[in-house]
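Biologist: I've got a model open and I'd like to learn how to read its contacts. Can you walk me through it?

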Amino acid sequence: MKKVPAIIITITITILLLFLTIFLAGGGHGTFLPAKLFYPFSMISAGFKDEIGTFEIIMAVIQIPVYGFIISMKKSNWIYSIIGLHILAVVICLMTSTEAFS
């Protein structure tokens with residue numbers, strides 16, 4: 001069986017999570033919880049401006065492929081660092097509420 005490159009897997013995951021997140025956000029009338037859980041760095045940045053702009057969208061699109069790239073470097077401690085930073089960012093994102101993304 002042929003091995004699928006990690007970049008293809010991470011791009012597929014990114015596309016699926018982005019569609020799910022956008023669908024559940026409902027054009028601003030739904031919930032932003034999935035966005036805060038999957039893309040906390042983008043949502044922290046968006047919280048400062050009270051809008052999700054181009055920069056935040058680009059951050060969300062490249063976040064998971066960057067995680068995949070770092071993990072594929074096979075440095076065992078890095079995976080724990082990524083998980084720790086992501087969890088920390090999620091906690092910060094959930095603890096800070098803005099009027100636009102509550």
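Modeller: Sure. Let's begin with polar contacts: a pair of N or O atoms within 3.5 Å, where one must be able to donate a hydrogen and the other to accept it. Keep in mind that this is a predicted model. Here, the side chains of Glu56 and Lys49 make such a contact, at 3.1 Å.

Biologist: Where does Glu56 sit, and is Glu56 buried or exposed?

Modeller: Glu56 belongs to helix α4. The cut-off for buried is under 20% relative accessible area, so Glu56, at 2%, counts as buried.

Biologist: Which residues does Glu56 touch, leaving out those up to four places away in sequence?

Modeller: Ser42, Ser45, Ala46, Lys49 and Glu51. Ala46 also turns up in the largest nonpolar core, alongside Ala25, Phe32, Ala35, Met43, Cys93 and Phe101, 7 residues in all.

Biologist: And what does Phe101 contact, apart from its neighbours within four places?

Modeller: Among its partners are Phe32, Met43 and Ala46, but Lys36, Asp50 and Glu51 are on the list too.

Biologist: Back to α4. How do I read its packing against α1?

Modeller: Look at the angle and the axis distance. Helix α1 (residues 6-25) and helix α4 (residues 54-72) pack at about 145°, their axes 9 Å apart, and the crossing is right-handed.

Biologist: Which residues meet there?

Modeller: From α1, they include Ile7, Ile11, Leu17 and Leu18; from α4, Val61, Ile64 and Gly68 are among them. Sorted by class, that contact has 9 nonpolar, 3 polar and no charged residues.

Note on methods:
Residues numbered from 1 in each chain as written. Predicted model: local features only at pLDDT ≥ 70, side-chain atom pairs only at ≥ 80, totals over all residues. Heavy atoms only, no water. Axes fitted to C-alpha atoms, helices over the stretch in contact; angles between N-to-C directions. Helix = DSSP H or I, 4+ residues; strand = E, 2+ residues; numbered from the N terminus. Left-handed = near helix turned anticlockwise from the far one by under 90°. Contact = heavy atoms within 4.5 Å. Nonpolar A, V, L, I, M, F, W, Y, C, P; charged D, E, K, R; others polar. Buried < 20%, exposed > 50% of the residue type's maximum accessible area, 1.4 Å probe, protein only. Core = buried A, V, L, I, M, F, W, Y, C linked by side-chain atoms within 4.5 Å.
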